[in-house]
Amino acid sequence: MADTAQADAGARVPAAEVLAAFESATGFMPVDEGLALYAAAAGAAAATGLPLLEVGSYCGRSTILLADAARQAGTVALTVDHHRGSEEQQPGWEYHDASLVDPEVGLMDTLPRFRRTLHAAGLEQHVIALVGRSPQVAAVWGGQLGLVFVDGGHTDEHATADYEGWVPHLAPEGLLVIHDVFPDPADGGQAPYRIYLRALAEGFAEVSAHGSLRVLRRR
Ligand code: SAH
Ligand code: MG
(Lines give C-alpha, C1' and ligand atoms only; values in the text may rest on other atoms or scores of the structure.)
(Ligands and ions follow the chains in the order given, each with its own letter.)
Protein backbone atom coordinates (compact mmCIF):
# COMPACT_ATOMS: atom_id res chain seq x y z
CA MET A 1 0.00 0.00 0.00
CA ALA A 2 2.83 2.33 0.88
CA ASP A 3 4.31 1.84 -2.60
CA THR A 4 1.01 2.74 -4.23
CA ALA A 5 0.76 5.87 -2.12
CA GLN A 6 4.31 6.78 -3.02
CA ALA A 7 3.62 6.29 -6.73
CA ASP A 8 0.55 8.50 -6.42
CA ALA A 9 2.36 11.18 -4.49
CA GLY A 10 3.32 13.26 -7.49
CA ALA A 11 -0.33 13.54 -8.48
CA ARG A 12 -1.46 14.97 -5.15
CA VAL A 13 -2.03 18.71 -5.30
CA PRO A 14 -3.98 20.99 -2.96
CA ALA A 15 -7.31 22.48 -4.03
CA ALA A 16 -7.13 26.02 -5.44
CA GLU A 17 -8.58 27.63 -2.28
CA VAL A 18 -6.08 25.78 -0.06
CA LEU A 19 -3.21 26.87 -2.27
CA ALA A 20 -4.47 30.46 -2.20
CA ALA A 21 -4.68 30.43 1.62
CA PHE A 22 -1.15 29.00 1.80
CA GLU A 23 0.23 31.61 -0.60
CA SER A 24 -1.28 34.51 1.34
CA ALA A 25 -0.11 33.26 4.76
CA THR A 26 2.88 34.74 6.59
CA GLY A 27 5.87 32.39 6.63
CA PHE A 28 8.95 30.88 5.10
CA MET A 29 7.77 28.06 2.84
CA PRO A 30 8.23 28.75 -0.91
CA VAL A 31 5.35 27.58 -3.12
CA ASP A 32 7.27 24.86 -5.01
CA GLU A 33 8.57 23.34 -1.77
CA GLY A 34 5.07 23.64 -0.29
CA LEU A 35 3.66 21.60 -3.16
CA ALA A 36 6.27 18.90 -2.50
CA LEU A 37 5.44 18.97 1.21
CA TYR A 38 1.75 18.62 0.40
CA ALA A 39 2.35 15.65 -1.91
CA ALA A 40 4.43 13.90 0.77
CA ALA A 41 1.88 14.67 3.48
CA ALA A 42 -1.07 13.48 1.42
CA GLY A 43 0.76 10.28 0.49
CA ALA A 44 1.81 9.58 4.08
CA ALA A 45 -1.66 10.30 5.45
CA ALA A 46 -3.31 8.04 2.87
CA ALA A 47 -0.80 5.24 3.41
CA THR A 48 -0.82 5.28 7.22
CA GLY A 49 -4.02 7.03 8.34
CA LEU A 50 -1.86 8.41 11.15
CA PRO A 51 -1.49 12.03 12.35
CA LEU A 52 1.02 14.27 10.60
CA LEU A 53 3.41 16.22 12.84
CA GLU A 54 5.13 19.54 12.18
CA VAL A 55 7.85 21.14 14.29
CA GLY A 56 7.74 24.90 13.65
CA SER A 57 4.15 26.18 13.25
CA TYR A 58 5.15 29.88 13.12
CA CYS A 59 2.14 31.63 11.51
CA GLY A 60 0.57 28.50 10.06
CA ARG A 61 1.75 28.76 6.46
CA SER A 62 2.99 25.18 6.04
CA THR A 63 0.44 23.96 8.61
CA ILE A 64 -2.31 24.74 6.08
CA LEU A 65 -0.87 22.12 3.74
CA LEU A 66 -0.52 19.43 6.42
CA ALA A 67 -4.03 20.20 7.67
CA ASP A 68 -5.60 19.77 4.27
CA ALA A 69 -3.65 16.57 3.58
CA ALA A 70 -4.75 15.23 6.99
CA ARG A 71 -8.37 16.25 6.39
CA GLN A 72 -8.45 14.33 3.09
CA ALA A 73 -7.30 11.16 4.85
CA GLY A 74 -9.53 11.57 7.90
CA THR A 75 -6.68 12.29 10.28
CA VAL A 76 -5.23 15.43 11.90
CA ALA A 77 -2.18 17.64 11.72
CA LEU A 78 -0.25 18.22 14.94
CA THR A 79 2.01 21.23 15.05
CA VAL A 80 4.50 22.17 17.77
CA ASP A 81 5.90 25.63 18.51
CA HIS A 82 6.60 27.70 21.61
CA HIS A 83 5.56 30.65 19.41
CA ARG A 84 8.38 32.84 20.74
CA GLY A 85 10.37 32.61 17.50
CA SER A 86 13.71 31.13 16.54
CA GLU A 87 17.04 32.88 17.14
CA GLU A 88 17.04 34.49 13.69
CA GLN A 89 13.52 35.87 14.22
CA GLN A 90 14.36 37.88 17.34
CA PRO A 91 14.56 41.73 17.26
CA GLY A 92 17.66 42.88 15.40
CA TRP A 93 18.04 39.64 13.44
CA GLU A 94 17.55 38.98 9.74
CA TYR A 95 14.11 37.34 9.89
CA HIS A 96 12.48 39.55 12.53
CA ASP A 97 8.92 40.73 11.88
CA ALA A 98 8.06 43.51 14.33
CA SER A 99 4.33 43.00 13.72
CA LEU A 100 4.64 39.65 15.55
CA VAL A 101 5.78 41.10 18.89
CA ASP A 102 3.25 41.05 21.76
CA PRO A 103 3.53 44.67 23.02
CA GLU A 104 2.32 43.77 26.50
CA VAL A 105 4.86 41.01 27.03
CA GLY A 106 7.59 42.42 24.81
CA LEU A 107 8.30 39.05 23.18
CA MET A 108 7.45 37.43 19.86
CA ASP A 109 4.06 35.72 19.86
CA THR A 110 3.11 34.05 16.58
CA LEU A 111 0.13 32.18 18.05
CA PRO A 112 -2.53 34.85 17.30
CA ARG A 113 -1.45 35.08 13.65
CA PHE A 114 -1.27 31.28 13.46
CA ARG A 115 -4.86 30.98 14.70
CA ARG A 116 -6.14 33.60 12.26
CA THR A 117 -4.36 31.83 9.39
CA LEU A 118 -5.96 28.45 10.12
CA HIS A 119 -9.35 30.05 10.71
CA ALA A 120 -9.23 31.94 7.41
CA ALA A 121 -8.26 28.73 5.59
CA GLY A 122 -11.24 26.91 7.13
CA LEU A 123 -8.93 24.22 8.49
CA GLU A 124 -8.96 24.90 12.25
CA GLN A 125 -10.78 21.68 13.11
CA HIS A 126 -8.11 19.55 11.40
CA VAL A 127 -5.21 20.95 13.45
CA ILE A 128 -4.04 20.36 17.01
CA ALA A 129 -1.66 23.12 18.02
CA LEU A 130 0.82 22.10 20.70
CA VAL A 131 2.32 25.20 22.34
CA GLY A 132 5.61 24.29 23.93
CA ARG A 133 9.21 23.32 23.36
CA SER A 134 9.62 20.54 20.85
CA PRO A 135 11.77 18.18 23.01
CA GLN A 136 9.39 18.55 25.97
CA VAL A 137 6.35 17.74 23.83
CA ALA A 138 8.15 14.83 22.13
CA ALA A 139 9.06 13.39 25.54
CA VAL A 140 5.41 13.11 26.60
CA TRP A 141 4.02 12.17 23.19
CA GLY A 142 2.81 8.55 23.04
CA GLY A 143 1.31 7.98 19.60
CA GLN A 144 2.65 6.92 16.22
CA LEU A 145 2.94 9.45 13.41
CA GLY A 146 2.54 9.13 9.65
CA LEU A 147 4.85 12.05 8.91
CA VAL A 148 7.40 14.09 10.85
CA PHE A 149 8.16 17.48 9.29
CA VAL A 150 11.17 19.19 10.89
CA ASP A 151 11.07 22.99 10.36
CA GLY A 152 11.88 24.36 13.81
CA GLY A 153 15.02 25.86 15.33
CA HIS A 154 18.12 26.00 13.13
CA THR A 155 20.83 25.48 15.72
CA ASP A 156 22.43 22.04 16.05
CA GLU A 157 20.95 21.78 19.54
CA HIS A 158 17.39 22.32 18.28
CA ALA A 159 17.61 20.34 15.04
CA THR A 160 19.21 17.38 16.83
CA ALA A 161 16.60 17.45 19.60
CA ASP A 162 13.80 17.53 17.00
CA TYR A 163 15.30 14.55 15.18
CA GLU A 164 15.97 12.54 18.33
CA GLY A 165 12.64 13.45 19.91
CA TRP A 166 10.27 12.77 17.03
CA VAL A 167 11.80 10.10 14.75
CA PRO A 168 11.14 7.35 17.35
CA HIS A 169 7.41 8.18 16.98
CA LEU A 170 7.44 7.80 13.19
CA ALA A 171 5.58 4.74 11.90
CA PRO A 172 7.79 2.28 9.95
CA GLU A 173 6.13 3.26 6.66
CA GLY A 174 5.95 6.96 7.55
CA LEU A 175 7.85 9.86 5.96
CA LEU A 176 10.50 12.14 7.47
CA VAL A 177 10.59 15.58 5.83
CA ILE A 178 13.31 18.11 6.62
CA HIS A 179 13.26 21.76 5.54
CA ASP A 180 16.18 24.16 5.02
CA VAL A 181 18.67 21.49 3.99
CA PHE A 182 21.63 23.32 2.42
CA PRO A 183 24.58 21.09 1.43
CA ASP A 184 26.55 24.27 0.54
CA PRO A 185 27.23 26.43 3.64
CA ALA A 186 27.06 29.50 1.37
CA ASP A 187 23.30 28.86 0.98
CA GLY A 188 22.38 28.57 4.66
CA GLY A 189 22.98 27.06 8.09
CA GLN A 190 24.13 23.46 8.32
CA ALA A 191 22.13 22.03 11.22
CA PRO A 192 19.20 20.74 9.13
CA TYR A 193 21.71 19.33 6.62
CA ARG A 194 23.47 17.51 9.44
CA ILE A 195 20.28 15.79 10.67
CA TYR A 196 19.50 14.91 7.04
CA LEU A 197 22.92 13.19 6.78
CA ARG A 198 22.34 11.50 10.10
CA ALA A 199 18.96 10.17 8.91
CA LEU A 200 20.62 8.73 5.78
CA ALA A 201 23.24 7.08 7.99
CA GLU A 202 20.57 5.71 10.33
CA GLY A 203 18.43 3.81 7.83
CA PHE A 204 16.51 6.44 5.87
CA ALA A 205 16.59 6.73 2.08
CA GLU A 206 15.81 9.84 0.09
CA VAL A 207 12.46 9.77 -1.70
CA SER A 208 12.67 13.23 -3.26
CA ALA A 209 14.28 16.67 -3.02
CA HIS A 210 12.74 20.03 -3.93
CA GLY A 211 14.77 23.14 -3.20
CA SER A 212 15.81 22.80 0.45
CA LEU A 213 13.06 20.23 1.22
CA ARG A 214 14.05 16.58 1.62
CA VAL A 215 11.57 13.70 1.83
CA LEU A 216 12.92 10.49 3.39
CA ARG A 217 11.56 7.09 4.29
CA ARG A 218 13.01 4.09 6.11
CA ARG A 219 14.81 1.62 3.86
N1 SAH B 1 6.86 26.14 9.08
C2 SAH B 1 6.84 27.60 9.11
C3 SAH B 1 8.15 28.23 9.51
C4 SAH B 1 8.68 27.82 10.85
S5 SAH B 1 9.87 28.97 11.49
C6 SAH B 1 6.36 28.15 7.76
O7 SAH B 1 5.97 27.40 6.88
O8 SAH B 1 6.37 29.35 7.56
C9 SAH B 1 10.50 28.10 12.87
C10 SAH B 1 9.60 28.08 14.09
O11 SAH B 1 10.16 27.12 14.99
C12 SAH B 1 9.46 29.38 14.86
O13 SAH B 1 8.10 29.76 14.93
C14 SAH B 1 10.01 29.06 16.27
O15 SAH B 1 9.27 29.63 17.32
C16 SAH B 1 9.90 27.56 16.31
N17 SAH B 1 10.87 26.91 17.19
C18 SAH B 1 12.21 27.03 17.17
N19 SAH B 1 12.78 26.22 18.09
C20 SAH B 1 11.76 25.58 18.71
C21 SAH B 1 11.68 24.61 19.76
N22 SAH B 1 12.79 24.13 20.34
N23 SAH B 1 10.47 24.17 20.16
C24 SAH B 1 9.35 24.64 19.56
N25 SAH B 1 9.34 25.53 18.56
C26 SAH B 1 10.54 26.01 18.14
MG1 MG C 1 11.98 26.37 7.11
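# A walk through the model

Start by selecting α7 and α8: these two helices pack at an angle of about 35 degrees, and their axes lie 8 Å apart. Before you go on, know that this is a predicted model, where local features need pLDDT of at least 70, side-chain atom pairs count only at pLDDT 80 or more, and totals for chains, interfaces and linings use all residues. Residues are numbered from 1 along each chain as its sequence is written, chains are lettered from A and ligands numbered from 1 in the order in which they are written, and side-chain values use heavy atoms, with hydrogens and water left out.

A few words on the terms. Helices (H or I, at least four residues) and strands (E, at least two) are DSSP runs, numbered from the N terminus. Axes are lines fitted to C-alpha atoms, for helices over the stretch in contact, and angles run from 0 to 180 degrees between N-to-C directions.

**Stop one: α7 against α8**

Look along the pair and you'll find α7 passing α8 in a right-handed crossing (right-handed if the near helix is turned clockwise from the far one by less than a right angle, left-handed if anticlockwise). To light up the contact (heavy atoms within 4.5 Å), pick Asp-156, Ala-159, Thr-160, Tyr-163 and Glu-164 on the α7 side, then Ala-191, Pro-192, Arg-194, Ile-195, Arg-198 and Ala-199 on the α8 side. Colour these residues by type and you get six nonpolar, one polar and four charged. Here Ala, Val, Leu, Ile, Met, Phe, Trp, Tyr, Cys and Pro count as nonpolar, Asp, Glu, Lys and Arg as charged, and the others, Gly among them, as polar.

**Stop two: the magnesium ion**

Now click on ligand 2, a magnesium ion. Which protein donors does this ion have? They are Asp-151 (OD), His-179 (ND1) and Asp-180 (OD), lying 2.0 to 2.3 Å from the ion. Donors are N, O and S atoms within 2.8 Å of the metal (3.2 Å for Na, K and Ca), and water is not among the atoms, so sites may look incomplete. Along the chain, the donors follow the spacing D-x27-H-D. Asp-151 sits in the loop between β6 (145–150) and α7 (156–166), while Asp-180 sits in the loop between β7 (170–178) and α8 (191–201), so this pair, 29 residues apart, links distant parts of the chain. Both Asp-151 and Asp-180 are buried (under 20% relative accessible area, with exposed over 50% and partly exposed in between, for a 1.4 Å probe and protein chains only).

**Stop three: strand β6**

Stay with β6 and select Leu-145, which belongs to this strand. Leu-145 counts as buried, at 0% relative accessibility. Leaving out residues up to four places away in sequence, Leu-145 touches Leu-50, Pro-51, Leu-53, Leu-78, Trp-166, His-169, Leu-170 and Ala-171.

**Stop four: α3 against α4**

Next, show residues 31–48 (α3) and 61–73 (α4), which pack at an angle of about 30 degrees with their axes 8 Å apart. That makes α3 roughly parallel to α4 (angles under 35 degrees; over 145 is roughly antiparallel, 65 to 115 roughly perpendicular and the rest oblique). This crossing, too, is right-handed. On α3, the residues to select include Val-31, Gly-34, Leu-37 and Tyr-38; on α4, the residues they meet include Arg-61, Ser-62, Leu-65 and Leu-66. The contact divides into eleven nonpolar, three polar and two charged residues.

How enclosed is α4 by the rest of the structure? Largely so, because ten of its 13 residues are buried. Just after α4, check Gly-74, with a positive phi of about 75 degrees.

**Stop five: loops around Thr-110**

Move to Thr-110, in the loop between β4 (107–108) and α5 (111–120). Thr-110 is buried, with a relative accessible area of 1%. Not counting residues up to four places away in sequence, Thr-110 touches Tyr-58, Cys-59, His-83 and Leu-100.

Two of those neighbours deserve a click. Tyr-58, in the loop between β1 (52–55) and α4, has a positive phi of about 50 degrees although it is not a glycine. His-83, in the loop between β2 (77–81) and β3 (101–102), is not a glycine either, yet has a positive phi of about 65 degrees.

**Last stop: Arg-133**

Finish at Arg-133, found in the loop between β5 (127–131) and α6 (134–140). Is Arg-133 buried or partly exposed? Its relative accessible area is 45%, so Arg-133 is partly exposed. Setting aside neighbours within four places in sequence, Arg-133 is in contact with Val-80 and His-82.
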